[in-house]
Amino acid sequence: MSEYQYYEFRALDRPLTPAEQTAVARLSSRVDPHPTRAVFTYSYSDFRGAPLDILARYYDAMFYIANWGTITLAFRFPKSLIPLSEVAPYAIEDSITITEGEEYTILELTYNQDGGFDYWIEGEGSLDALLPLRGDLMRQDYRLLYLAWLRVAVANEWEFEGEEMEPPPPPGLDNLTPPLRAFCDLFQLDKTLLQVANAGSAPATDQKKQNWETAIARMSPADQQAWLQRLVAGEPNLDILLRRHLQDSHPTASRRPKQGQRTVQQLREQIESIKQRQRQKARAAAEARRLQELESLAAREESTWSLVTMSIEQGNGPAYDEAVGLLVKLHDLARHQGTEADYRRRVQNLRAKHSRRYALMRRMDAHPFLQAAL
């Protein structure tokens, strides 16, 4: 099977200039200049540039996937909108990296599936569902970072011995947005991990409308005028910048998540406890279904023995398979009812009557309880 690599870059805050589009197009003859998007797909060769350098220079979002099991989601942010002190606790070497430049901060999330993907992958369209996460992070919604941390820290026992504390669990992990669910699907966060995340997270609380109204009313006329002028000028991310300004001016309008209280080992134990309960529940449900099927079979036991005889008399392989399958079910019923002696007698009679049907005998001999009936 040939390799598959997919790179997609997206400009969100401003389009690329014609000169920038030309510079990106030089990376591949198959890429047409575009002001907001560039896609590179490879089957036998590789990307000629450094992806994160291209992101830092021209774009705001990048998505990468390769069929050997690597997925990368990366965002570029204006440096002032991502406080390093708030996001640094979620960093994990080689998996969640946060790099500050002169003007921008780069966040890179990487996931590696051991052994590669055992299903067909397609990169086209994946980034669209994830783009709103960039704005969420700039609004200080760090649920993406916590989920990415949880995915890596809990699973990688060789990197995390268990005494490390979890970073601050953001509120609202019990009510994920569609972009966060898309991230969980791509990065394979199962429901057990999400349950553990929920247990340490406070419910999401919307900012009260009057808080913002009060904060805006307290702004001076000159300050209000300055913000309106920036709005008319089309400054990107202005809503985020204004909220940040109001939060800094009136701290009661913001709510920061508290430091996590659980160790990695405690998280793993919680996950194992949840999985154990799930296994017990699944076993109980399977046993209930089995008993229900046996009760149904008991009501038609004699007619099922007749079906066994009819199937055998058809004299072909599929019919023999059907007969043996019915005998297996009847054996389960006999064990349940405590009538195995009668069952063995009836199977002995069948074997004696049809002993020259060698294909049937081979099929019956594959089951010890049918062979033991000799």
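Colleague: Let's start with valine 87. Setting aside neighbours within four places in sequence, which residues is valine 87 in contact with?

Modeller: In this predicted model, valine 87 is in contact with Ile82, Ile98, Tyr142 and Leu145, once neighbours within four places in sequence are left aside. Valine 87 itself belongs to helix α3, residues 84–87.

Colleague: What makes valine 87 count as buried or exposed?

Modeller: The cut-off for buried is under 20% relative accessible area. Valine 87 has a relative accessibility of 4%, so it counts as buried.

Colleague: And how far is valine 87 from glutamine 140, in sequence and in space?

Modeller: Their C-alpha atoms are 9.1 Å apart, while 53 residues separate the two in sequence. Glutamine 140 is in the loop between α5 (132–138) and α6.

Colleague: Why is glutamine 140 called buried, then?

Modeller: The reasoning is the one used for valine 87: glutamine 140 has 14% relative accessibility, which is under 20%, so the label is buried.

Colleague: What is there to say about the phi of glutamine 140?

Modeller: Phi of glutamine 140 is positive, about 70 degrees, although the residue is not a glycine. Most residues other than glycine have a negative phi. Aspartate 94 also has a positive phi, near 70 degrees, and is not a glycine either.

Colleague: Where is aspartate 94, and how do you know whether it is buried or exposed?

Modeller: Aspartate 94 is in the loop between α3 and β5 (96–100). Exposed requires over 50% relative accessible area; aspartate 94 has 61%, so it counts as exposed.

Colleague: On to the helices. Why is the pair α6 and α7 called parallel or antiparallel?

Modeller: The axes of α6 and α7 (residues 178–186) come within 11 Å and cross at roughly 15 degrees. Angles under 35 degrees count as roughly parallel, and α6 and α7 are therefore roughly parallel to each other. Their crossing is right-handed.

Colleague: Which residues meet there?

Modeller: From α6 there are Arg143, Leu144, Leu147 and Ala148, and from α7 Leu180, Phe183 and Cys184. By class, six residues of this contact are nonpolar, none is polar and one is charged.

Colleague: What makes α6 oblique to α8?

Modeller: α6 (residues 143–155) and α8 (residues 191–199) have axes that come within 11 Å and cross at roughly 120 degrees. That angle is outside the 65 to 115 range for roughly perpendicular and is not over 145, the limit for roughly antiparallel, so α6 is oblique to α8. The crossing of α6 and α8 is right-handed. Tyr146, Leu147, Leu150, Arg151 and Val154 of α6 make the contact with Leu193, Leu194 and Ala197 of α8. Here the classes are seven nonpolar, no polar and one charged.

Colleague: One more residue: how do you know whether threonine 304 is buried or exposed?

Modeller: Threonine 304, found in helix α13 (residues 301–314), has a relative accessible area of 3%; that is under 20%, so threonine 304 is buried. Beyond neighbours within four places in sequence, threonine 304 is in contact with Leu297, Leu326 and Leu330.

Colleague: Finally, the whole protein. Why is it said to be more spread out than a compact globule?

Modeller: The protein has 17 helices and six strands. Its radius of gyration is 31 Å, and the globule rule gives 21 Å for 374 residues; the value is well over the rule, so the protein is more spread out than a compact globule. Along the principal axes, the C-alpha trace spans about 100 × 50 × 40 Å. Buried residues make up 43% of the 374.

How values were computed: Residues numbered from 1 in each chain as written. Predicted model: local features only at pLDDT ≥ 70, side-chain atom pairs only at ≥ 80, totals over all residues. Heavy atoms only, no water. Axes fitted to C-alpha atoms, helices over the stretch in contact; angles between N-to-C directions. Helix = DSSP H or I, 4+ residues; strand = E, 2+ residues; numbered from the N terminus. Left-handed = near helix turned anticlockwise from the far one by under 90°. Contact = heavy atoms within 4.5 Å. Nonpolar A, V, L, I, M, F, W, Y, C, P; charged D, E, K, R; others polar. Rg over C-alpha atoms; globule rule 2.2 N^0.38 Å. Buried < 20%, exposed > 50% of the residue type's maximum accessible area, 1.4 Å probe, protein only.
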